[in-house]
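Biologist: Got a minute? I'd like to walk through this one with you.

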Amino acid sequence: DIGLYGGKTSVNLDLNLQSLWKFQTGDDPRRKESDFDDSGWPEIFVPAKWEDQGYRDYDGYAWYRKKFTFQVNNGDKMVLLMGKIDDIDQVFVNGILVGSTGNPPAKKWDDVSTGGEWTAFRGYYLPDGLLKKNQSNVIAVRVLDTGGDGGIYEGPVGIISQTKYIEYWRKIKKSGD
């Protein structure tokens with residue numbers, strides 16, 4: 001069980017993705033594709049600030065990628081927990097956009113921050129059939145850090161059933177965590 005915000009309430013993830021992820025600074029929209037070759041990318045730990053992992057003073061775009069096998073099949077809808085990300089994000093699973101936080105304009109991703117995105121907890125509902133059971137799946141996260149610390153810096157990070165997710169948030173609300 002993993003606590004959120006350092007509180008007492010914990011979440012029982014169906015798949016814990018807090019581990020080493022592939023990481024690369026810069027921006028290239030092809031990085032969202034599940035067949036993109038990230039074999040030469042370095043790894044950093046998620047969740048943690050990228051500044052604490054060799055990317056001190058880096059502001060701008062970066063991509064995270066994680067390959068995983070999904071085995072849970074309880075018939076429930078699934079939610080991807082991405083914890084907190086500094087600042088703006090777009091999250092893709094198997095090449096499909098599943099969620100974003102921030103206000104990217106239609107033509108380019110400049111001046112997109114409203115100032116509080118880095119404090120928002122990310123939980124993105126996954127469309128039915130998107131996760132391939134017992135096969136390789138890929139999460140690709142495009143991050144724009146507009147200044148200061150950056151990256152996927154606080155968990156939990158993983159996949160949870162919608163039922164557990166709702167129960168979890170009820171506990172949070174009840175406990176004041």
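Modeller: Sure. Keep in mind that this is a predicted model. The chain exposes about 8,700 Å². Carbon and sulfur atoms supply 46% of that area.

Biologist: And what share of the residues is buried?

Modeller: 47% of the 177 residues count as buried.

Biologist: How many helices and strands?

Modeller: 1 helix and 12 strands. From the N terminus, the order is β-β-β-β-β-β-β-β-β-β-β-β-α.

Biologist: What about contacts across the sequence?

Modeller: Take the contacts with a separation of 6 or more. Residues 24 or more positions apart account for 80% of them.

Biologist: Now the sheets. Which strands go with β5?

Modeller: β5 belongs to an open sheet of 6 strands, in the order β5-β4-β6-β11-β8-β9. The pairing there is antiparallel. The edge strands are β5 and β9 (96-101), and each pairs on one side only. From one strand to the next, the twist averages 30°.

Biologist: How many bridges between β4 and β6?

Modeller: 4 bridges, in the antiparallel sense. K22, for one, has R65 in β6 as its bridge partner.

Biologist: And β3, where does that go?

Modeller: Into an open sheet of 4 strands, ordered β3-β12-β7-β10. That pairing is antiparallel too.

Biologist: Which strands are at the edges there, and what does that leave?

Modeller: β3 (15-16) and β10 (121-125). Each has a single partner strand, so one side of each is left without a neighbour in the sheet. β3 pairs with β12 over 2 bridges, in the antiparallel sense. In that pairing, L15 has I159 of β12 as its bridge partner.

Biologist: Where does the helix sit?

Modeller: Helix α1, residues 162-175, lies across β7, β10 and β12. It runs at about 120° to β12.

Biologist: On to the core. Which residues touch the most other members of the largest one?

Modeller: W21, Y64, L80, M82, I139 and V141. That nonpolar core has 27 residues. Several strands each supply at least two of its residues: β4 (19-25), β5 (43-46), β6 (60-69), β7 (78-86), β8 (88-93), β11 (136-145) and β12 (151-161). β7 gives the most, with 4 residues.

Biologist: Pick I139. What is it in contact with?

Modeller: Leave aside its neighbours within four places in sequence. Then I139 is in contact with L17, W21, Y64, R65, K66, F68, L80, V91, F92 and V93.

Biologist: Which residues are in the second core?

Modeller: V11, F121, Y165 and I172 are among them. That core is separate and has 9 residues.

Biologist: What's the general expectation for nonpolar side chains?

Modeller: In soluble globular proteins they tend to be buried together.

Biologist: Change of topic. How many salt bridges?

Modeller: A search of the whole structure finds 9. One of them joins R142 and D27, with the closest N and O atoms 2.5 Å apart. R142 is in strand β11, and D27 is in the loop between β4 and β5. They are 115 residues apart, so this pair links distant parts of the chain.

Biologist: Are those two buried or exposed?

Modeller: R142 is buried, with a relative accessible area of 16%. D27 is partly exposed, at 34%.

Biologist: R65 came up twice already. Which residue does it meet in a salt bridge?

Modeller: D38, at 2.8 Å from N to O. R65 lies in strand β6, and D38 in the loop between β4 and β5, 27 residues apart. Both R65 and D38 are buried.

Biologist: How buried is D38?

Modeller: Its relative accessible area is 4%.

Biologist: And which other side chain meets D38?

Modeller: K67, in a salt bridge of 3.5 Å from N to O. K67 also lies in strand β6, so this pair ties together parts that are 29 residues apart in sequence.

Biologist: Is K67 buried, exposed or in between?

Modeller: K67 is partly exposed, with a relative accessible area of 46%.

Biologist: So how do I note down D38, R65 and K67?

Modeller: As residues linked in a network of salt bridges.

Key. Residues are numbered from 1 along each chain as its sequence is written. This is a predicted model: local features need pLDDT of at least 70, side-chain atom pairs count only at pLDDT 80 or more; totals for chains, interfaces and linings use all residues. Side-chain values use heavy atoms; hydrogens and water are left out. Buried means under 20% relative accessible area, exposed over 50%, partly exposed in between (1.4 Å probe, protein chains only). Contact means heavy atoms within 4.5 Å. Accessible areas come from the Shrake-Rupley method with a 1.4 Å probe; for residues, only the protein chains shown count as cover. A nonpolar core is a set of buried Ala, Val, Leu, Ile, Met, Phe, Trp, Tyr and Cys residues joined through side-chain atoms within 4.5 Å. Two strands pair if DSSP finds at least two bridges between them. Axes are lines fitted to C-alpha atoms, for helices over the stretch in contact, and angles run from 0 to 180 degrees between N-to-C directions. A salt bridge is a side-chain nitrogen of Lys or Arg within 4 Å of a carboxyl oxygen of Asp or Glu.
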